[in-house]
Amino acid sequence: MNIYMERKKRLLATLAEQGIGSALITSPTNVYYLTGFLCNPHERFMGLLLHERQEALFVPLLDKDAAIEAGYPADIVTVSDTEDAYELLGNRLPERGGRFGVEMNAVSMAQGEKLRALLPDAVFADAEPAIMGLRLKKSEDEIAKVRHAIDIVEKVVDFAASRAVLGMTEIELTAELEYQMRKLGASKPAFESIVLAGARSALPHGKPGDYAIARGDYVLIDIGVVADGYCSDITRTFIMGEASKEQERIYETVLAANMAGIARAKAGVALAELDAAARDVIAAAGYGDYFTHRVGHGFGMDVHESPSLHGANRTLAEPGLLFTIEPGIYVPGVGGVRIEDDVYIRADGSADVLTSYSKALRVLG
């Protein structure tokens, strides 16, 4: 049994425990996770119909060959631009009553209305938690793909450190980094790349603009790539020219918080404690009001997945979890520092820090 058949078998078993007999999976990422077929259908219909006795993959007609090439073994139903996808779906439904699973976060109101018209006697249930429960724990094969994505992005970070010069704008450096991502084998950025300098580095999720890097600026680079369907996510903060004493103190505080969060990471520890370990370091240094977000998040096929590493999450870390540790300090008018690493909980319960790019403060220029 290949990995995709195993995943579908486990999903159907979980759904059956919830009384869900059939499910339609429409999120492209979840379809990829369950079939190995990756497609962006844009406005066209795509979905995986699952039932213990029947399975069908609905794809736009123009993507049929790609689905075959991906090795999808079951029934492929093509949908041309002139056909009614829901009529074709109705022809394949093994049953029209009972509890029918859909991903509530992926189905639009328009799609929902069409499904209700097709299945007036069905009760719709959310199948997404069951899928995300499978995706939560990463296998060693998945981690190998993540490592590849990390290898690419760390090379891009190193390129950034060598390429950034006085007078270069944030958007210019961003463009060069994203070109390097593709050149090194990434399929795309994992998210909108963040390159911020000077006081603008105090914007945790700011967008690169026309600001030109000046001497004495922090240069914050938060980037990730997708490779083999899996993401990486890393942040490093540099200084252009000589750092002030305050800048050094802020940087060293964030670094200590990052290391404290990582040190607390192991199976059996509440995720809230990882957040607290990092946050306590920053608060003790007097910068508590300037750390304005959770300490980390899960990732994998999407750059933001469960779990969420915040102060109220008492869920225990367990083997298979993959997440970031990324404390930051953001002082208006001065700038911001964030240091982010990717961490995996091994089978033995210990933490494996997958990112390896140096965290010592690097002076540029």
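Colleague: Why are Glu305 and Arg135 called a salt bridge?

Modeller: In this predicted model, the closest N and O atoms of Glu305 and Arg135 are 2.6 Å apart. The cut-off between a side-chain nitrogen of Lys or Arg and a carboxyl oxygen of Asp or Glu is 4 Å, so the pair qualifies. Glu305 lies in strand 14 (residues 305–309) and Arg135 in helix 6 (residues 128–136), so the pair links distant parts of the chain, 170 residues apart.

Colleague: Are these two partners, Glu305 and Arg135, buried or exposed, and how do you know?

Modeller: Glu305 has a relative accessibility of 10%, and Arg135 has 2%. Buried means under 20%, so both residues count as buried.

Colleague: What makes Lys137 and Glu318 a salt bridge, and where are the two residues?

Modeller: Their side chains meet at 3.0 Å, N to O, and the limit is 4 Å, so the pair counts. Lys137 sits in the loop between helix 6 and helix 7 (140–163), while Glu318 is in the loop between strand 14 and strand 15 (322–325). The two are 181 residues apart.

Colleague: How do you class the exposure of Lys137 and Glu318?

Modeller: Lys137 has a relative accessible area of 41% and Glu318 has 27%. Partly exposed is the class between 20% and 50%, so both belong there.

Colleague: Which residues are joined into one network by salt bridges that share partners?

Modeller: Arg135, Lys138, Asp302 and Glu305.

Colleague: How many salt bridges does a search of the whole structure find?

Modeller: The search finds 22. One of them pairs Asp75 with Arg92, at 2.9 Å from N to O. Asp75 is in strand 4 (residues 75–79) and Arg92 in helix 4 (residues 85–92), 17 residues apart.

Colleague: Why are Asp75 and Arg92 not called buried?

Modeller: The relative accessible area is 30% for Asp75 and 26% for Arg92. Buried requires a value under 20%, so neither residue meets it; both are partly exposed.

Colleague: Why is the pair of Phe45 and Tyr86 called edge-to-face?

Modeller: The angle between the planes is 65° and the centres are 5.2 Å apart. Pairing needs centres within 6.5 Å, and edge-to-face needs an angle over 60 degrees, so both conditions are met. Phe45 lies in the loop between helix 2 (28–35) and strand 2 (47–51) and Tyr86 in helix 4, so the pair ties together parts 41 residues apart in sequence. Both residues are buried. Ring pairs link Phe45, Phe58 and Tyr86 into a cluster, and the structure holds four aromatic pairs.

Colleague: How do you know that the charged end of Arg7 sits over the ring of Tyr33, and what is the distance for Arg279 and Phe291?

Modeller: The charged end of Arg7 is 3.9 Å from the centre of the Tyr33 ring. Arg279 lies over the face of Phe291 at 4.0 Å from the ring centre. The distance limit is 6 Å, so both values fall within it.

Colleague: What makes the bond between Ser306 and Pro307 stand out?

Modeller: It is a cis peptide bond with omega about 5°, whereas most peptide bonds are trans. Pro307 lies in strand 14.

Colleague: Where are His42 and Asp228 found, and what is phi in each?

Modeller: His42, in the loop between helix 2 and strand 2, has phi near 60°. Asp228, in the loop between strand 10 (225–227) and strand 11 (230–231), has phi near 55°. Most residues other than glycine have a negative phi. His42 has a relative accessible area of 59%, over the 50% mark, so it is exposed. Asp228, at 47%, falls below that mark and above 20%, so it counts as partly exposed.

Colleague: Why is Gln247 called buried, and which residues does it touch?

Modeller: Its relative accessible area is 8%, under the 20% limit, so Gln247 is buried. It is found in helix 9 (residues 245–263). Not counting residues up to four places away in sequence, Gln247 touches Gly216, Asp217, Tyr218, Ile239 and Glu242.

Colleague: Which residues does the UniProt annotation "domain: Peptidase M24" cover?

Modeller: According to the unreviewed entry, residues 145–346. Over that range the chain is 33% helix and 24% strand, and the end C-alpha atoms are 15 Å apart.

Notes:
Residues are numbered from 1 along each chain as its sequence is written. This is a predicted model: local features need pLDDT of at least 70, side-chain atom pairs count only at pLDDT 80 or more; totals for chains, interfaces and linings use all residues. Side-chain values use heavy atoms; hydrogens and water are left out. Helices (H or I, at least four residues) and strands (E, at least two) are DSSP runs, numbered from the N terminus. Buried means under 20% relative accessible area, exposed over 50%, partly exposed in between (1.4 Å probe, protein chains only). UniProt positions are given in the numbering used here, feature names are shortened, and annotations may be inferred rather than shown by experiment. Rings of Phe, Tyr and Trp (its six-membered ring) pair if their centres lie within 6.5 Å; planes under 30 degrees apart count as stacked, over 60 as edge-to-face and the rest as tilted. A charge sits over a ring if NZ of Lys or CZ of Arg is within 6 Å of the ring centre and within 35 degrees of the ring normal. Contact means heavy atoms within 4.5 Å.
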